[in-house]
Amino acid sequence: MSKHRVAISAVFVLHGVGAGSVATRIPWFQDRFDLGPTLLGLVLLCPTIGAFVGMPLAGRVAHRLGTRAATRLLLVLWAAVFALPALAPSALALVPLFLLYGVLIGMLDVVMNAHAVVVERALERPVMSSLHGLWCVGSLAGGGIGALAAQTGTDARLHLGAMAVTLLLVGAAAGPFLLADTTAADAPAPRRFALPTRAVAALGLVGFCATFAEGASANWTAVYLIEVTGAGPGPAAASYTFFMLCMAAARLVGDRLVRRFGPVATVRYGGVLAVAGGVVVVTSRTTLPSVLAFALIGVGVAVVVPLVITAAGNASASPGEGVASMTTITYLSGLAAPAVTGWLAGAVSYPAAFVVITAVAVLMTVRAGALRPRAATLARPSAPDPSRPSGAPARRTG
């Protein structure tokens with residue numbers, strides 16, 4: 001395996017570990033600062049707002065510094081502020097600290113995906129799906145470590161401080177092995193806020209649908225099983241873990257599927273699985289079939305977001321701009337999905353809400369053709385050949 005792929009894989013794992021670590025310590029923040037549900041919800045909205053602001057700006061950073069340097073810089077900055085919210089002196093101080101945390105984790109999300117596009121070009125084979133699968137593995141690992149820390153009563157300041165040092169050290173070790181990339185001298189600088197082009201918007205619709213189905217299923221599977229199938233709290237909670245494990249497994253093997261079937265067919269086949277899972281969720285009233293059906297939705301949409309991110313990076317003047325636009329679209333979808341599902345469930349019923357989710361999966365399947373490579377693409381610099389001397393001119397494809 002290429003050292004460049006190993007290095008970017010480590011970055012994806014670290015990003016997942018960090019996200020999973022913070023998520024498990026939310027109850028500690030609630031207890032320490034005596035936050036009621038409303039205030040806790042407002043505090044937890046801050047990382048989301050920060051990420052949503054930072055993501056569109058990240059394309060410009062990647063263009064100016066290159067995806068390699070931008071990934072290394074933002075990884076260090078994110079690790080440096082990782083534990084700061086736990087050190088907040090008051091609940092009010094959590095707001096700016098979580099905003100800053102959100103900006104950096106969101107920007108890192110964009111530039112590391114943009115760098116993954118560069119690595120794919122150099123390797124000339126798909127790797128994005130497995131990278132996202134490794135993110136899931138990292139998130140599960142970070143969540144497991146956090147759960148163990150919480151169970152043993154470890155103070156979150158100590159736990160998150162140790163995680164910050166780990167992120168910094170491992171990131172610093174992986175950084176030098178990231179693939180060097182170049183920016184075309186004549187390539188226009190991305191806009192300060194990277195709004196999607198028409199081609200990226202078409203891809204964005206597919207990504208929006210996939211993220212919407214994923215977000216709705218992941219956030220509501222446990223509640224759905226309790227309210228509709230009568231499952232107990234244990235099986236309901238375990239269903240989320242099973243859902244995430246199935247998604248991670250699908251992403252880890254997704255690159256092989258893309259190489260065999262191509263991106264369009266892979267999304268269509270996945271869409272059929274997701275739609276089938278949605279139909280079972282809507283019609284079943286027993287626990288086990290519903291658990292398996294939710295997992296089927298997860299497997300069906302698992303590789304779609306990695307594919308549309310790659311396609312958006314390749315459809316834009318620079319990987320950073322396309323990836324920034326796509327991650328902003330999918331992030332918005334991930335924010336909207338749980339709330340819209342809840343509103344539909346409250347207004348009509350839980351099965352009716354998942355009729356809508358199933359329809360979204362149908363739309364994703366129908367629009368899969370947006371991932372078909374265009375006959376005429378933007379001229380862009382190729383990723384550097386690892387065997388080419390650093391001073392040699394970059395080749396171009398047009």
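Here a biologist and a modeller talk through some helix pairs and a pocket in a predicted model.

Biologist: Let's start with H1 and H5. Why are H1 and H5 called roughly antiparallel to each other?

Modeller: Check the angle. H1 (3-24) and H5 (91-123) pack at about 155°. Angles over 145 degrees count as roughly antiparallel, so that is the label H1 and H5 get. Their axes lie 10 Å apart, and the crossing is left-handed.

Biologist: Which residues in H1 meet H5?

Modeller: On the H1 side you'll find Arg5, Ile8, Val11, Phe12, His15, Gly18, Ala19 and Val22. Their partners in H5 include Phe98, Tyr101, Asp109 and Leu123. Sorted by class, the contact has 13 nonpolar, 4 polar and 2 charged residues.

Biologist: What makes H3 and H4 oblique to each other?

Modeller: Same trick, another number. H3 (residues 37-65) and H4 (residues 67-81) pack at an angle of about 120°. Roughly perpendicular runs from 65 to 115 and roughly antiparallel starts over 145. An angle of about 120° falls in neither range, so H3 and H4 are oblique. Their axes are 6 Å apart, and H3 passes H4 in a right-handed crossing.

Biologist: And which residues make that contact?

Modeller: Val61, Ala62 and Leu65 come from H3, while Thr67, Ala69, Ala70 and Leu73 come from H4. That splits into 6 nonpolar, 1 polar and no charged residues. What makes one of them polar? Thr is on neither the nonpolar nor the charged list, so Thr67 counts as polar.

Biologist: How do you know that H8 and H14 are roughly antiparallel?

Modeller: H8 and H14 (residues 350-366) pack at about 155°, with axes 9 Å apart. Again the cut-off is over 145 degrees, so roughly antiparallel is the right name for H8 and H14. H8 passes H14 in a left-handed crossing. The contact residues divide into 18 nonpolar, 1 polar and 1 charged.

Biologist: Now for the empty space. How much space lies in the largest pocket?

Modeller: About 1900 Å³. The largest pocket is lined by 44 residues, and Ala19, Trp135, Asn219, Tyr240 and Tyr331 lie nearest its centre.

Biologist: What makes a residue count as lining?

Modeller: A lining residue has an atom within 4 Å of a pocket point. Among the elements giving two or more residues are H1, H3, H5 and H8.

Biologist: Which helix gives the largest share of the lining?

Modeller: That's H5, with 8 residues.

Biologist: How do the lining residues divide by class?

Modeller: There are 25 nonpolar, 16 polar and 3 charged residues. Watch out for Tyr: Tyr counts as nonpolar, so Tyr240 and Tyr331 go in the nonpolar group.

Note on methods
Residues are numbered from 1 along each chain as its sequence is written. This is a predicted model: local features need pLDDT of at least 70, side-chain atom pairs count only at pLDDT 80 or more; totals for chains, interfaces and linings use all residues. Side-chain values use heavy atoms; hydrogens and water are left out. Axes are lines fitted to C-alpha atoms, for helices over the stretch in contact, and angles run from 0 to 180 degrees between N-to-C directions. Helices (H or I, at least four residues) and strands (E, at least two) are DSSP runs, numbered from the N terminus. Angles under 35 degrees count as roughly parallel, over 145 as roughly antiparallel, 65 to 115 as roughly perpendicular and the rest as oblique. A crossing is left-handed if the near helix is turned anticlockwise from the far one by less than a right angle, and right-handed if clockwise. Contact means heavy atoms within 4.5 Å. On a 1 Å grid over the protein atoms alone, a cavity is a set of points where a 1.4 Å probe fits but cannot get out, and a pocket is an open set with protein on both sides within 12 Å along at least five of seven lines; lining residues have an atom within 4 Å of a point. Grid points are joined across faces, edges and corners, and a volume is the space filled by probe spheres set on the points.
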